[in-house]
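Work through the exercises below with the model in view, trying each task before reading its solution. Every solution goes step by step.

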Amino acid sequence: LSDCLACDNCMTSEEGARVFQQNQKELFRVLNLNKKCDTSKHKVLAVSICPQSLPYFAAKFNLSVNDAAKRLCGFLKSLGVHYVFDTTIAADFSILESQREFVQRYQRRNQEDHALPMFASACPG
């Protein structure tokens, strides 16, 4: 979240409350609490890794993207993270849905005034 522009265009107030809980300080606070308490009282920690971040780690540590993903997953689990999810397939579905919507809008461009332009984005953070 350190790269977030805080533009508030990506979320509602409810989502904002959830995003507020997703920061490095909170992660380490929960990890430390989990180390101190009984496993039955652990908070479950899940981390998602976006496909855009993996080439950075691969280049930084001179690894293949697959090796970077495996090592990053192993590192997070060694910290105490319970689940690590790769969001590549979700990103692929998002691209496919954007493509489908664009084709539909393009085909309707002469019948509807507001069919185009179509705005789409991903958070720059």
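**Exercise 1: A pair in helix 2**

Glu 26, at 23% relative accessibility, counts as partly exposed, a class that lies between buried (under 20% relative accessible area) and exposed (over 50%), with a 1.4 Å probe and protein chains only. This is a predicted model, in which local features need pLDDT of at least 70 and side-chain atom pairs count only at pLDDT 80 or more, while totals for chains, interfaces and linings use all residues. Residues are numbered from 1 along each chain as its sequence is written, and side-chain values use heavy atoms, with hydrogens and water left out.

*Task.* Find out which side chain meets that of Glu 26 in a salt bridge, and how far apart the two residues are in helix 2.

*Solution.* Begin with the general point that side chains of opposite charge can pair when their charged atoms come close. Here the side chains of Glu 26 and Arg 29 form a salt bridge with an N to O distance of 2.8 Å; the term requires a side-chain nitrogen of Lys or Arg within 4 Å of a carboxyl oxygen of Asp or Glu. Next, look at the spacing: because the two residues are three residues apart in helix 2, about one helical turn separates them. Finally, Arg 29 is partly exposed too, with a relative accessible area of 38%. Leu 27 is also placed in helix 2, which covers residues 24–36, and counts as partly exposed at 24% relative accessibility.

**Exercise 2: The overall layout**

*Task.* State how many helices and strands the protein has, and in what order they run from the N terminus.

*Solution.* The count comes to five helices and two strands, where helices (H or I, at least four residues) and strands (E, at least two) are DSSP runs numbered from the N terminus. Read along the chain, the order is α-α-β-α-α-β-α. As a next step, consider burial: of the 125 residues, 12% count as buried. The protein exposes about 10,300 Å², of which carbon and sulfur atoms supply 56%; such areas come from the Shrake-Rupley method with a 1.4 Å probe, and for residues only the protein chains shown count as cover. Among contacts (heavy atoms within 4.5 Å) with a separation of 6 or more, 47% involve residues 24 or more positions apart.

**Exercise 3: The core and a surface patch**

*Task.* List the residues of the largest nonpolar core, and say which elements give two or more residues to this core.

*Solution.* The largest nonpolar core has seven residues, namely Val 47, Ile 49, Leu 54, Leu 72, Leu 76, Val 81 and Val 84; a core is a set of buried Ala, Val, Leu, Ile, Met, Phe, Trp, Tyr and Cys residues joined through side-chain atoms within 4.5 Å. Two or more of these residues come from strand 1 (46–49) and from helix 4 (65–79). Then follow Val 84, which, leaving aside neighbours within four places in sequence, is in contact with Val 47, Ile 49, Cys 73, Leu 76 and Lys 77. Turning to the surface, Tyr 83 lies in strand 2, residues 83–86, and counts as partly exposed at 47% relative accessibility. Together with Val 44 and Phe 85, Tyr 83 makes a nonpolar surface patch of about 330 Å², a patch being built from residues with over 30% relative accessible area and no salt bridge, with like charges joined within 9 Å and nonpolar side chains (Val, Leu, Ile, Met, Phe, Trp, Tyr) within 5 Å.

**Exercise 4: Helix 5 and the residues after it**

*Task.* Identify the salt-bridge partner of Arg 105, and then work out which residues Arg 105 touches beyond four places in sequence.

*Solution.* Arg 105 lies in helix 5, residues 88–107, and its side chain meets that of Glu 101 in a salt bridge of 2.9 Å, N to O. The two residues are four residues apart in helix 5, about one turn of the helix, and Glu 101 is partly exposed, at 33% relative accessible area. Beyond four places in sequence, Arg 105 touches His 114, Ala 115, Leu 116, Pro 117 and Met 118. Phe 102, also found in helix 5, touches Leu 116 and Met 118 when residues up to four places away are not counted. The structure holds four salt bridges; another one of them joins Glu 112 and Arg 108, at 2.9 Å, N to O.
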